Amino acid sequence: MEGGSLNGKNLYFRHKNIKMPRSFLLFPLLIFSLSSTAFGQLLISGTITDKQSGEPLAGVNIKVKDRMIGTVSDTQGAFRLETDLAPPLVLQISMIGYQTQYITVETSISDLKIAMAEQVYLGQEIVVSASRVEENVLQAGVSVEKMDIREVNSTAAPNFYDALANLKGVDMNTHSLLFKFPNARGFNGEANFRFNQLVDGIDNAPPGLSFAAGNIFGISQLDVESVEMIIGASSALYGPGGMNGTMLITSKNPFDYPGLTASVQTAMMNVGSPLNGPTPMVDANLRYARSFHNKFAFKIVAGYLQAKDWAATDYRNRLAMDDPNTDPYYNPGYDGVNVYGDDVIVPVNLQDYASDIADGVARTQGLVPGTPAYDAEVQRVIGLIPDQLITRTGYKEGDIYDYDTYNLKGRATLNYRINNDLELELLGGYARGSSIYTAQNRFALKDFEAYMGKLELRNPHYFVRLWTVKENAGKTYDMGGTMLKFNEMWKSSEDWYSDFIQSFVQNYIYPGGKPLDLSYYFARVAADNRLPDGLIQNPALPARPLPGTPEFDSIWQPLISTPVNEGGGLVIDHSSMVHAEGMYDFSYLFTATKLQVGLSHRIYRLNTNGTIFFDKPGEPIIQNQFGAYVQLIQPFFNERLNVTFSGRYDKNQYFDGRFTPRMSLVLALNKDKTHNLRASTQTAFRFPATSDQWTNLALGQMDINGRQFSFQVIGGNRVVQEAYGLLDQPVFALSGNNPFTGVPESEPYQLPVFRPETVTALEIGYKGLFLSKMLYFDTYFFHNTYNNFHAKQALVQNPGTNNESRYITTVSSANPVATYGWAVGLDLMLPGGYIVRSNLVNNTIDVGQNNAAGFQARFNTPPYKLNIGLRNYHLLNNVGFSIDWRWQEAFNWESDFGRARIAAYNTLDAQVSIKLPALSSVVKVGGANLLNNYYATGLGNAWIGGLYYVSVTFDEFLN
């Protein structure tokens with residue numbers, strides 16, 4: 001170890017002598033008081049060129065191995081590094097796409113010439129996500145996928161986030177253009193609670209949502225250094241939530257990536273859409289970074305996207321998905337998927353009113369009850385009444401939502417290298433946007449905002465990090481729920497159904513009546529007082545308002561501006577969270593053993609003014625969460641066998657503590673470690689999401705056939721359930737999937753203890769290189785067993801009385817659920833620089849004993865997925881291309897929004913990029929879903945069509 005008062009060893013002992021302050025914020029300030037005894041300055045300068053062309057290489061990283069100090073080459077390939085470290089030094093010369101070099105320097109040198117050769121082998125990526133230490137991807141103990149800068153820049157998808165769908169084992173659930181999220185190994189849905197997404201260590205999930213809303217609050221593509229994704233259980237190292245996977249997005253450090261980068265992408269989308277027609281999209285991004293004397297650096301990143309979103313145009317009948325009749329005028333029970341206000345909340349069936357209708361018809365003819373003529377007429381009429389559900393007339397999503405979407409986001413960092421081993425970073429970020437997503441209804445995110453800040457101190461052996469995230473729901477509103485209230489405001493359901501039934505009887509029941517379908521038609525026209533073409537039937541009576549008219553807006557705008565708990569649809573959310581964590585790597589104290597220890601503390605502050613959660617105005621819910629982990633990696637047999645032991649303990653103030661262990665083995669089958677077997681077993685878990693714990697939505701008084709009851713959607717947290725008496729008063733489970741029409745069971749329902757959800761994950765795999773390292777083969781098999789599986793349960797309290805109340809709450813299932821599957825990946829490098837990437841993935845579920853009526857596993861993933869890609873970064877001089885084809889099988893969808901069969905689909909993405917060295921720019925022309933075959937990834941989501949783009953990227957350090 002080098003001498004000096006600030007080497008790793010002496011710094012460690014200095015820390016021991018410092019009395020630790022209570023606040024994490026004060027800790028970095030103490031570092032500035034540490035003195036330094038410097039050696040004489042060592043000056044190293046030279047030039048870096050491409051070995052084949054001899055051209056200078058800009059942006060190459062030159063670092064002192066295992067230290068923080070380093071620099072980059074300029075546009076002429078020149079670099080200059082000054083340090084007071086004692087020689088000899090080992091310089092690490094690295095750049096994506098080139099073989100990393102290590103050069104030992106004994107003294108100052110001013111004409112060091114380095115020629116870098118392109119990386120021509122596969123399987124050489126370095127990952128850190130698998131074990132929190134740098135390791136070759138071939139030797140990772142778990143399944144991990146990576147996108148580096150070259151992949152990010154050359155993807156055929158419009159952006160790196162969309163390209164995640166090409167990674168092995170990854171599902172992409174797309175709600176709309178901006179609201180999308182990746183997942184792995186099943187249980188896709190309206191949320192993504194079982195998958196962690198971290199950006200520079202910050203949880204990208206707003207506390208109110210409890211899951212990452214795609215990249216809306218993430219980072220610009222210009223600032224992405226790498227994306228690593230653990231496929232499978234990962235909470236032992238990354239905390240609660242990583243049951244199915246964890247994604248780590250790392251941004252570019254301003255010391256390593258200085259200069260100006262800017263891009264503009266223009267695109268055409270919605271080609272052939274039945275609503276919007278061809279519409280433009282613009283996505284502009286800017287990144288500027290600069291460092292000063294390798295001591296101070298800053299970075300500013302900003303991006304803005306604007307477009308007309310993909311439209312949700314699924315007009316199938318939710319009550320009969322295979323029924324081709326989607327015309328509400330001739331299908332009186334129509335409940336369209338992307339049609340709102342026609343939802344079957346209070347079911348009305350004509351047959352339920354048969355006796356009343358028959359009595360009225362007989363009396364209008366002067367017939368006296370009890371006479372044979374009366375009885376005969378009643379029986380005749382009852383025999384004519386069909387068993388037919390009636391729904392109100394709804395509004396299509398495209399008629400009430402403008403699909404205007406935008407995303408503004410920016411980040412700024414200040415970095416200071418205190419000495420050769422310490423770097424302090426201060427980060428501030430802001431994001432704002434409008435989008436739309438599917439939950440139990442479709443929600444319009446209008447001017448949603450997120451603020452974030454981070455203070456981090458890092459050393460090659462440790463880091464201390466404090467960050468915070470705060471959200472503001474802006475003008476977000478519940479589109480489906482609001483439309484139900486809209487219909488009640490222009491005309492109550494009592495009056496609407498009365499007019500419908502009266503018209504139906506007049507047109508169908510009396511002698512000389514019209515055919516059944518025409519009777520349905522005239523009944524809806526009478527109830528709406530408006531013809532299908534918009535003309536009012538009777539100007540003296542209220543008529544169904546038409547979208548876009550002042551009459552419509554006079555009801556709609558006040559509703560979406562009024563909070564949910566005050567009778568409107570507006571969602572208020574000012575929730576926030578603060579997180580402090582640290583990790584120390586003791587590996588430098590050992591020859592081969594690696595040992596890391598970390599801890600974290602998170603505080604949630606849930607503040608919705610009582611509109612969504614069980615908080616009250618001015619009284620937010622405060623929730624504390626603590627975690628600690630340790631990991632030991634021990635090599636055996638000359639490092640041919642690596643054994644990893646990890647263990648993590650987490651405690652939430654409302655739940656018992658959880659210990660999650662992990663063990664993995666990696667066995668190198670040959671001396672070069674190019675063929676490796678791996679096996680792992682681990683337990684992952686998640687505390688219930690904030691929405692599953694604290695939801696408190698009153699849907700008001702319901703009326704079914706004259707019987708009224710209150711209806712509430714509440715969380716599973718004991719505090720909430722106690723407040724509604726669910727734990728000390730008898731409650732009864734409701735049969736079926738519809739809590740409004742469900743029949744109470746005869747025996748009381750015993751609410752299970754609400755616990756964190758856990759999964760025991762087993763995996764075996766193999767990675768190897770063949771054909772002189774030109775063929776990379778990766779395969780695995782996994783088996784997951786989920787316990788305390790979180791599910792929805794419909795309950796009734798005081799059934800059949802004037803105090804009847806019905807609920808939907810979240811419970812922990814008593815029976816386990818198992819999933820299993822496998823994947824195979826083949827990457828092949830061909831002569832001429834062509835690279836073929838392919839993978840085939842299988843996912844299967846076994847619900848076990850969970851066969852009760854109404855149970856929904858919500859696996860929501862296709863049994864088989866296939867990806868095939870072809871790319872060449874240097875097809876011709878300064879010309880490259882990439883092509884990606886993706887296919888997935890049809891599968892069953894289950895969610896609060898409904899059940900359906902999601903059709904199989906395939907997409908083709910392609911791009912050609914042209915480098916313009918004289919302008920330091922790259923022009924890229926391409927398209928996603930080139931064949932424009934519209935598809936949806938989930939029920940209620942937008943239908944995704946082709947997106948055809950041209951982008952221009954300026955990079956000051958472009959090679």
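**View A. Helices α6 and α7 are oblique to each other.** Their axes cross at roughly 135°, and angles count as oblique when they are not under 35 degrees (roughly parallel), over 145 (roughly antiparallel) or 65 to 115 (roughly perpendicular). Here α6 covers residues 354–364 and α7 residues 372–384, with the axes coming within 8 Å. Helices are DSSP runs of H or I, at least four residues, and strands are runs of E, at least two, numbered from the N terminus. Axes are lines fitted to C-alpha atoms, for helices over the stretch in contact, with angles from 0 to 180 degrees between N-to-C directions.

This is a predicted model, where local features need pLDDT of at least 70 and side-chain atom pairs count only at 80 or more, while totals for chains, interfaces and linings use all residues. Residues are numbered from 1 along each chain as its sequence is written, and side-chain values use heavy atoms, leaving out hydrogens and water.

**View B. Here's where α6 meets α7.** On the α6 side, look for Ala-354, Ser-355, Ile-357, Ala-358, Asp-359, Val-361 and Ala-362. Their partners in α7 are Tyr-374, Glu-377, Val-378, Val-381 and Ile-382, with contact meaning heavy atoms within 4.5 Å.

**View C. Ser-664 sits in strand β33.** The strand takes in residues 655–668. Ser-664 is buried (under 20% relative accessible area, with exposed over 50% and partly exposed in between; 1.4 Å probe, protein chains only), at a relative accessible area of 1%. Leaving aside neighbours within four places in sequence, Ser-664 touches Gly-141, Asn-642, Val-643, Thr-644, Ala-679 and Ser-680.
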